[in-house]
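This briefing is meant to be read alongside the sequence and the coordinates of a single chain. It is arranged by topic, so that each group of points can be checked against the structure in turn.

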Amino acid sequence: MGDGSASESTMLIPPWLETLLATTNFFSICRSHEDAARNECNMYCVDCNLDEAFCFCCRSAEHKDHNVIQIRRSSYHDVVRVGEIQKFIDIDGVQTYVINSARVLFLNERPQPKGGGGGSTSKGSSISGGGGSSSTTTTVSHICEICGRTLLDSCRFCSLGCKVVGIKKNRDASFMLDGGKYEVKEGEFHEGSTKQQQKQNVHHLKSSPTSTTTNISKTTTSRRRKGIPHRAPLGS
């Protein structure tokens with residue numbers, strides 16, 4: 001039972017995402033490039049799945065052709081741009097925010113603000129006392145199913161981390177994109193294609209130039225001019 005549950009969680013949650021959420025060295029100075037201009041560790045490699053962030057110089061040297069996500073910071077909390085993360089996972093149900101003209105979402109749960117947190121009644125609502133004659137006016141806020149943080153929209157989770165917890169708890173959500181893939185690399189064959197299809201594609205690529213050359217040669221031959229005609233000699 002335990003192995004089956006773990007396998008199901010792996011299908012719903014990509015392993016690299018949990019590693020990303022557990023990474024703690026974001027925005028530290030890269031020890032390999034301390035003297036470089038862009039030495040802040042604010043990048044994470046989806047392909048390598050290591051629990052370490054790295055800087056721009058490391059990316060150029062070690063992750064040039066890899067899928068890399070850049071982590072940003074808002075109010076001392078780690079965020080990622082929606083345009084970057086949604087290439088790899090389904091972020092449905094997670095609250096997004098617009099910060100510096102870019103739509104982002106938070107990686108992990110944040111501490112609740114003082115005096116707030118988890119209430120189902122928003123500010124400005126009035127609740128009557130025990131008189132019974134006055135009416136009750138309440139406005140129910142959207143809250144995170146895991147940590148109870150008040151949300152702006154009708155979302156289920158405040159962050160990717162809370163969605164991970166929700167999936168493990170209820171198994172009624174997923175990070176898997178349509179088509180059963182977490183990520184798609186440009187220029188690569190899809191995981192659903194068979195080896196035979198791949199061989200056929202390669203064979204087609206190899207045979208195309210030959211067929212093109214044959215067609216060109218046939219066209220050239222058909223258009224080749226005949227010899228210069230000679231007029232018959234005049235009779236005497």
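The points below go from the overall make-up of the chain to its sheet, one of its helices and its cysteines. The model is a predicted one, and every value given here is to be read with that in mind.

**Overall make-up**

- The secondary structure of the chain amounts to 6 helices and 7 strands, and these elements follow one another along the sequence in the pattern α-α-β-α-β-β-α-β-β-β-β-α-α.
- Of the 236 residues in the chain, 30% count as buried, while the area that the chain exposes is about 16200 Å², with carbon and sulfur atoms supplying 50% of it.
- When contacts in the chain between residues at least 6 apart in sequence are considered, 49% of them join residues at least 24 apart.

**The sheet**

- An open sheet is formed by 5 strands in the order β1-β2-β3-β5-β4, and their pairing is antiparallel.
- The edges of this sheet are taken by β1 and by β4 (97-99), each of which has a single partner strand, so one side of each is left without a neighbour in the sheet.
- From one strand to the next, the twist of the sheet averages 45 degrees.
- The antiparallel strands β1 and β2 are joined by 3 bridges, and within this region Y44 has I69, a residue of β2, as its bridge partner.

**Helix α2 and its surroundings**

- Helix α2 covers residues 15-22, and its buried residues are W16, L17, T19, L20 and L21.
- These buried residues of α2 pack against two strands, β1 (43-45) and β2 (68-74), and also against two helices, α4 (82-85) and α5 (160-170).
- The edge strand β1 therefore takes part both in the bridges to β2 and in the packing against the buried residues of α2.

**Cysteines**

- With a cut-off of 2.5 Å between cysteine sulfur atoms, the count of disulfides comes to 0.
- C144 is in no disulfide, since the nearest cysteine sulfur, which belongs to C147, is 3.7 Å away, and a disulfide is counted only within 2.5 Å.
- C144 is nevertheless buried, with a relative accessible area of 3%.
- For C162, the closest cysteine sulfur is that of C158, and the distance of 3.6 Å between the two sulfur atoms is too far for a bond.
- C162 is likewise buried, and its relative accessible area is 1%.

Note on methods. Residues numbered from 1 in each chain as written. Predicted model: local features only at pLDDT ≥ 70, side-chain atom pairs only at ≥ 80, totals over all residues. Heavy atoms only, no water. Buried < 20%, exposed > 50% of the residue type's maximum accessible area, 1.4 Å probe, protein only. Helix = DSSP H or I, 4+ residues; strand = E, 2+ residues; numbered from the N terminus. Contact = heavy atoms within 4.5 Å. Pairing = 2+ DSSP bridges. Axes fitted to C-alpha atoms, helices over the stretch in contact; angles between N-to-C directions. Areas by Shrake-Rupley, 256 points an atom, 1.4 Å probe, with all protein chains shown as cover.
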